[in-house]
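Please look through the model shown here before reading the notes that follow. They are grouped by topic, with strands, cysteines and rings taken in turn.

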Amino acid sequence: MSTRIPFLKGHGTENDFVIVPDPENAVELSPAAVAALCDRRAGIGGDGVLHVVRSAAHPEARGMAAEAEWFMDYRNADGSVAEMCGNGVRVFARYLQHAGHTTEGDLAIATRGGVKAVHIAKDGDITVGMGRARLPEGDVTVSVGGRSWPARNVNMGNPHAVAFVDDLADAGNLLSPPPFSPASAYPDGVNVEFVVDRGPRHVALRVHERGSGETRSCGTGACAVAVAAARRDGADPTATGTPATYTVDLPGGTLVITERPDGEIEMTGSAVIVAEGEIDPKWLEIAAG
């Protein structure tokens, strides 16, 4: 590849991404290339890559093309493929607005976790319909440095283990994945959230994202935490018939999560494009080995 590759950098509550616009799916992004782009010292730096492709041009998204023009081909910072990224969807939508592909109002974005409904508000916040949570049965435990806590198994299109702790420092450094049991609960790994209470329907968390380590924010993680907290607090909307809204503080900002009685979950927060430029293809080829 001899031509330079355009990129942008954006973040949602400091969950940051390298954005690679590629409407016709012409740019090959190997796991090594993605890891090189996300390297914070030798690359651009990010928690993941948002590969922007028209749904009709991507084999995994062609079946969704009638519902959503654009497909978020999301990759974790280590190059692995992910089903969904809530903050990524909001930044993806902000990019589409920035590039003139959409305006304020409603749009649909295809992901490996299905088609997501998005609303870009006039005040700048972006709301994403995150679908329904699944709550697999069975006890789960997560551990840090010899201490263990029971965790709620919540699936938001990707797997989460939500543990309520006394202090966020209990999570340790989160440099490596916190051990969990049983291993059969998460055969492909898991995102682990450690959560403390801040007030009525107000919580704070730290998260180890599968494939990325500790991140400043995790949208699906915030949703999983709100779902787990609602069940813990006796506020399950599917049982009470009343929506449950939780404010979730993350290291990089705040998200507002609402679960409706039909189980649908909405996540609202900011999304920002901070820079754009070009990737040197020779560097990428060498860096990707």
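Two strands pair if DSSP finds at least two bridges between them, and strands are themselves DSSP runs of at least two residues marked E, numbered from the N terminus. With that in mind, strand 5 and strand 6 can be described as a hairpin that has 2 residues between its strands. The model is a predicted one, and the points below should be read with this in mind.

**Strands 5, 6 and 7**

- Strand 5, which covers residues 105–111, runs antiparallel to strand 6, which covers residues 114–120, and 7 bridges join them.
- Within this pairing, Ala-108 has Ala-117 of strand 6 as its bridge partner.
- Strand 6 also pairs with strand 7 (residues 126–132), again in the antiparallel sense, and here there are 3 bridges.
- One of the bridge partnerships with strand 7 is that of Ile-120 with Ile-126.
- The hairpin of strand 6 and strand 7 has 5 residues between the strands, and in this hairpin Gly-124 takes a positive phi near 100°.

**Cysteines**

- A disulfide is a covalent bond between the sulfur atoms of two cysteines.
- When the whole structure is searched for such bonds, 0 disulfides are found.
- Cys-85 is in no disulfide, and the cysteine sulfur nearest to its own, that of Cys-218, is 6.6 Å away; because a disulfide requires two sulfur atoms within 2.5 Å, that distance does not qualify.
- Cys-85 has a relative accessible area of 4% and is therefore buried.
- Cys-223 is likewise in no disulfide, with the sulfur of Cys-218 as the nearest cysteine sulfur at 8.7 Å.
- The relative accessible area of Cys-223 is 0%, so this residue is buried.

**Aromatic rings**

- A pair of aromatic rings is described by the distance of the centres and the angle of the planes.
- The count of aromatic pairs comes to 3.
- In one of them, the ring centres of Phe-17 and Tyr-74 are 5.9 Å apart and the planes stand at 75°, so the pair is edge-to-face.
- This pair links distant parts of the chain, since Phe-17 lies in strand 2 (residues 15–21) and Tyr-74 lies in strand 4 (residues 70–76), 57 residues apart.
- Both Phe-17 and Tyr-74 are buried.
- Phe-180 and Tyr-186 also form an edge-to-face pair, with 5.2 Å from centre to centre and 85° between the planes.
- Phe-180 is partly exposed, because its relative accessible area is 25%, whereas Tyr-186 is buried, with a relative accessible area of 3%.

**A charge over a ring**

- The charged end of Arg-232 sits over the ring of Phe-164, at 4.3 Å from the centre of that ring.

Definitions and conventions:
Residues are numbered from 1 along each chain as its sequence is written. This is a predicted model: local features need pLDDT of at least 70, side-chain atom pairs count only at pLDDT 80 or more; totals for chains, interfaces and linings use all residues. Side-chain values use heavy atoms; hydrogens and water are left out. Helices (H or I, at least four residues) and strands (E, at least two) are DSSP runs, numbered from the N terminus. Buried means under 20% relative accessible area, exposed over 50%, partly exposed in between (1.4 Å probe, protein chains only). Rings of Phe, Tyr and Trp (its six-membered ring) pair if their centres lie within 6.5 Å; planes under 30 degrees apart count as stacked, over 60 as edge-to-face and the rest as tilted. A charge sits over a ring if NZ of Lys or CZ of Arg is within 6 Å of the ring centre and within 35 degrees of the ring normal.
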